[in-house]
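Please look over the model shown here, following how its parts meet, first within a chain and then between chains.

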Amino acid sequence: MTEIDEASVRAEVRAWLESNWNPDFGLVEWRHKLAESGWGVPHWPSRWYGRDLPVGLVPVVEEEFKRIGAIGVAKVGIRTLAAATILEHGTDLQKEKFLLRILTGEDIWCQLFSEPGSGSDVAGAVTRAEFRGNQWVVNGQKVWTTSAHKAHWGLLLARTDWDQKKHQGLSYFILDMKQPGVTVQPLRQMNGHASFNQVFLTDAKVEPEFLVSEVGNGWAVTTTTLMHERRGADGLRSWAIASDRPGRAYDGEREEIRTTMEPYKWYPQRAGRVDLIMERARATGKINDPVLRQEIAKVLITAKAAEWTARRARTAQEQGRPQGPEGSLGKLASSQIARAAARVHTSLLGPDVLLTGEDTPMNGLLAEILVSVPATSIAGGTDEIQRNIISERVLKMPRERTGDTDKPFKDVPRNIVA
Amino acid sequence: MKFSFSSEQEEFRSSLRRFLADRSPTKEVRRLMETEAGYERDGWRAINAELGLTAIRIPEAYGGQGFGFGEQCLVLEEMGRVLLCAPYFATAVLAAGAILNAGTEAEKKALLPGIAAGETFATLAWVEGIGRWDAEGTALTATTANGGTVLNGKKTYVVDGHTADLIVVLAQAPEGLSLFTVHGDAAGLIRSSLKSMDPTRKFARLEFNDVAAAPLGTTGRAAAPFARTMLEAAVCLANEMVGGADRLREDALAYAMMRMQFGKPIASFQLMKHKQADMLLEVELAKSAAYYAAASLDDGDDDAAANAHLAKACASDTYLQTAIHAVQIHGGIGFTWDNDTHLWFKRAKSSEVLLGDASYHRELMMQNWAAGG
């Protein structure tokens with residue numbers, strides 16, 4: 001085998017794209033071709049739609065796609081987490097059944113981890129899966145489920161053994177969302193949007209071959225999914241931009257982005273819209289207020305420093321060097337930035353803070369920042385949990401003693417309801 | 001712009017860290033800070049001779065090693081970690097920077113090899129009683145007398161000004177703002193060392209009474225090279241500061257892990273864990289800003305000036321805040337003279353203000369961005 005270098009990878013993918021890419025393919029048709037070629041996910045194993053390419057060379061392939069304007073495999077949403085989890089823990093049968101349709105975008109996925117009684121403490125799940133006859137029967141309630149109403153499949157964490165300790169009694173399943181035992185209800189947030197759902201599971205069925213890994217190993221599999229969620233957090237939050245070029249494939253992609261991104265349309269606002277601060281400060285003339293200038297500068301400094309910190313972590317990773325602590329700090333930084341940005345936007349809005357929607361500047365977008373920012377320090381792991389993770393895993397500080405891991409889970413105290 | 005350290009730089013960093021830990025333990029810092037000079041000429045010469053630290057950013061044509069700000073800032077960060085008592089910042093950052101930015105080819109050839117070789121100890125004198133960090137407050141005059149130039153006036157807050165062999169001086173000449181060099185032992189120059197709050201960085205007041213001076217660069221055209229020197233110095237200082245902040249953070253963490261109260265290490269209290277996580281975040285952000293600002297200077301980035309102000313503002317706030325937390329985490333012992341924390345606390349406080357505090361640099365950053373559209 002010849003040595004894999006940047007130039008030869010670039011030449012090879014460029015040649016393949018030049019002879020295969022055609023914007024008049026249907027989106028799914030094109031992605032089937034792409035998946036077969038291995039260029040859609042070049043870092044995946046060659047047996048499963050990839051080319052065994054080092055992760056460091058993926059940007060080279062992406063650059064070539066961008067250069068020619070070719071559309072990549074479906075990447076937005078929970079499906080990437082499903083793919084990563086199935087690749088690592090799934091059986092060949094599961095890979096066979098699910099991976100291709102993830103890449104083509106034909107299947108939509110959702111994640112069924114959080115419950116009303118377990119948010120930060122995901123391993124405290126009490127949704128129950130029991131093996132009855134020849135299949136698993138699931139009962140319980142899940143919450144904060146993005147896209148549940150459209151999803152074909154769900155990544156389900158459920159308790160299969162109540163006599164085991166907390167983490168040992170969990171199992172991980174792939175749940176068919178289109179069945180009578182699954183009821184989905186939208187969950188309205190404080191900013192008025194309903195991006196998430198509650199999912200009620202009443203005797204929902206799972207075929208035995210859709211258990212991922214082994215019974216009792218659900219926590220290890222969940223950790224894989226969560227790790228990819230954190231690693232890709234920037235990707236999930238970034239805005240997918242539709243091309244305005246003509247062609248059937250582009251039409252398909254525009255439609256896909258429109259529907260997939262719909263629940264995320266307020267996400268830029270929850271991050272504080274630092275990008276709008278300078279133009280708003282100029283437009284309002286408040287840029288000349290020396291006190292406000294200081295506050296603006298503070299937000300911009302933290303935002304820049306956080307961006308550079310993420311870049312530092314990424315570069316280290318690309319160079320194959322171990323990531324320093326800088327890799328774990330982004331989430332905590334983004335909460336700080338979002339709050340500070342909301343304060344500055346408050347000063348810039350002045351009395352318009354009292355109003356909302358079309359009665360406020362930018363058709364309510366700025367007002368939406370103020371009631372969306374509180375999500376940033378909660379979603380995807382609260383700031384408090386992030387600080388626990390940083391102090392325990394990065395700084396190696398002692399773990400706190402918990403009261404729920406030393407006994408059978410059935411004996412663990414639950415919420416006190418008066 | 002790609003920025004991160006190469007494996008060669010990382011190796012250099014670890015050997016430098018070991019070397020400085022060995023040569024500049026806190027005991028040595030405490031000994032040197034009690035001296036009038038604040039360092040020992042021979043001791044510093046020996047350290048410098050081994051590693052060529054003053055030569056790093058001086059081009060090879062002038063006897064240096066020709067590296068960039070990336071490398072010099074790495075050195076400063078490591079010096080900041082150990083509070084190295086040496087005239088490095090004054091010589092290799094302030095004076096060498098002014099000479100490189102303002103000097104003619106002949107002046108650079110005459111002045112820089114001595115600095116690179118570690119023979120010449122130098123500094124830059126620009127601040128006057130009015131206390132401004134930019135050139136605005138410059139009242140010291142340069143006038144022609146007997147075919148030469150003489151300087152008259154006062155400078156203060158001159159880093160290592162009482163011990164420098166060569167002093168670069170910012171002055172008002174009839175042609176406008178100008179830079180000159182004078183010898184440390186020149187006739188008519190009265191040097192008084194000031195009592196420095198941070199005993200590891202000494203300042204002096206200089207009084208010039210008809211002191212003979214040699215021009216540095218074109219007389220009347222010093223505004224741009226001087227401003228550039230200030231920007232570069234701000235980036236260098238920011239890197240030195242994040243080194244100190246990181247060390248403080250590590251020491252406070254080690255103390256929290258060791259200190260037992262109520263039968264367990266105080267590091268096991270969630271409040272302490274969260275504080276340490278916040279400190280890590282703040283220090284890592286400031287490090288990124290300092291590193292990025294150095295890379296911007298090396299790359300000639302359009303945003304290099306804004307990034308320099310950003311890095312210094314960030315470092316000023318972060319170093320002091322980290323120092324405040326570090327004293328607090330140590331508790332009572334952290335307020336004692338025998339505990340080392342106050343050495344870094346004082347460096348943090350002094351560096352917070354040196355070259356301009358956080359508000360000053362935030363304002364300059366905003367002016368830069370507002371001007372840039």
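In this predicted model, the C-alpha centres of domain 1 and domain 3 of chain B are 21 Å apart. These domains belong to a division of chain B into three parts, in which domain 1 covers residues 7–116, domain 2 covers 122–220 and domain 3 covers 224–371.

Where domain 1 of chain B meets domain 3 of chain B, 21 residues of domain 1 are in contact with 25 residues of domain 3, contact being taken here as C-beta atoms, placed from the backbone, that lie within 7 Å. On the domain 1 side of this meeting, at least two residues each are supplied by helix 2 (26–33), helix 4 (69–82) and helix 5 (88–102) of chain B, and helix 4 of chain B provides the largest share, with 10 residues. Sorted by class, the side of domain 1 of chain B that touches domain 3 of chain B holds 11 nonpolar, 7 polar and 3 charged residues.

Turning from the domains to the chains, 32 residues of chain A are in contact with 31 residues of chain B. The side of chain A that touches chain B draws at least two residues from each of helix 11 (290–318), helix 12 (330–349) and helix 14 (383–394) of chain A, and the largest share of that side, 15 residues, comes from helix 11 of chain A. As for the class of the residues on the side of chain A that touches chain B, 18 are nonpolar, 7 are polar and 7 are charged.

Methods. Residues are numbered from 1 along each chain as its sequence is written. Chains are lettered from A and ligands numbered from 1 in the order in which they are written. This is a predicted model: local features need pLDDT of at least 70, side-chain atom pairs count only at pLDDT 80 or more; totals for chains, interfaces and linings use all residues. Domain bounds come from an automatic or database domain assignment. Two residues are in contact if their C-beta atoms, placed from the backbone, lie within 7 Å. Helices (H or I, at least four residues) and strands (E, at least two) are DSSP runs, numbered from the N terminus. Ala, Val, Leu, Ile, Met, Phe, Trp, Tyr, Cys and Pro count as nonpolar, Asp, Glu, Lys and Arg as charged, and the others, Gly among them, as polar.
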